[in-house]
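Work through the following exercises with the sequence and the model in view, and attempt each task before reading the solution below it.

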Amino acid sequence: MKYSDLLSKSPSETEIQRYLADGNQTAITIRIPKNLKEAAVEAAELKGMSFSAYIRNCLIADLSSGR
């Protein structure tokens with residue numbers, strides 16, 4: 001199932017979050033300004049999580065709200 005297919009079924013926010021968090025992990029490379037990366041690492045540390053976990057949480061929060 002694709003993300004757009006899921007949205008067409010009017011799922012709850014919890015169902016969307018579950019869909020986005022499930023599945024196999026994949027490695028990606030992104031290019032962002034060094035200052036942005038360093039700020040995100042600091043923000044993640046303040047929340048007690050890794051940079052990767054912080055990015056995943058941000059993506060899930062953005063994709064599961066405000067359809």
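**Exercise 1. State what share of the residues in the protein chain is buried, and set the radius of gyration beside that of a compact globule.**

Solution. In this predicted model, a residue counts as buried when its relative accessible area is under 20%, and by that cut-off buried residues make up 13% of the 67 residues in the protein chain. The next step is the radius of gyration, which is 14 Å for the protein chain, whereas a compact globule of 67 residues would have a value near 11 Å. Taken along the principal axes, the box filled by the C-alpha atoms is roughly 40 × 25 × 20 Å. Finally, among contacts between residues at least 6 apart in sequence, 44% join residues at least 24 apart.

**Exercise 2. Give the secondary structure of the protein chain and its pattern along the sequence.**

Solution. The chain has four helices and zero strands, and reading along the sequence gives the pattern α-α-α-α.

**Exercise 3. Describe how helix α2 and helix α4 cross, and list the residues that make the contact.**

Solution. Two packed helices are described by the angle between their axes and the distance between the axes. For helix α2 (residues 13–21) and helix α4 (residues 51–64), the axes come within 9 Å and cross at roughly 140 degrees. Angles over 145 degrees count as roughly antiparallel and those from 65 to 115 as roughly perpendicular; α2 and α4 are therefore oblique to each other. The crossing of these two helices is right-handed. On the α2 side the contact is made by Glu-13, Ile-16, Gln-17, Leu-20 and Ala-21, and on the α4 side by Ile-60, Leu-63 and Ser-64. Sorted by class, the contact of α2 with α4 has five nonpolar, two polar and one charged residues.

**Exercise 4. Locate Ser-10 and examine its phi.**

Solution. Ser-10 lies in the loop between α1 (3–7) and α2. Its relative accessible area is 60%, and because exposed means over 50%, Ser-10 is exposed. Most residues other than glycine have a negative phi. Phi of Ser-10, by contrast, is near 55 degrees, a positive value in a residue other than glycine.

**Exercise 5. Is Leu-36 buried, partly exposed or exposed, and how far apart are Leu-36 and Ser-52 in sequence and in space?**

Solution. Leu-36 belongs to helix α3 (residues 34–46). With a relative accessible area of 48%, which falls between the 20% and 50% cut-offs, Leu-36 is partly exposed. Leu-36 and Ser-52 are 16 residues apart in sequence, and their C-alpha atoms are 14 Å apart in space.

Definitions and conventions. Residues are numbered from 1 along each chain as its sequence is written. This is a predicted model: local features need pLDDT of at least 70, side-chain atom pairs count only at pLDDT 80 or more; totals for chains, interfaces and linings use all residues. Side-chain values use heavy atoms; hydrogens and water are left out. Axes are lines fitted to C-alpha atoms, for helices over the stretch in contact, and angles run from 0 to 180 degrees between N-to-C directions. Angles under 35 degrees count as roughly parallel, over 145 as roughly antiparallel, 65 to 115 as roughly perpendicular and the rest as oblique. A crossing is left-handed if the near helix is turned anticlockwise from the far one by less than a right angle, and right-handed if clockwise. Contact means heavy atoms within 4.5 Å. Ala, Val, Leu, Ile, Met, Phe, Trp, Tyr, Cys and Pro count as nonpolar, Asp, Glu, Lys and Arg as charged, and the others, Gly among them, as polar. The radius of gyration is taken over C-alpha atoms; the globule rule is 2.2 Å times the number of residues to the power 0.38. Buried means under 20% relative accessible area, exposed over 50%, partly exposed in between (1.4 Å probe, protein chains only).
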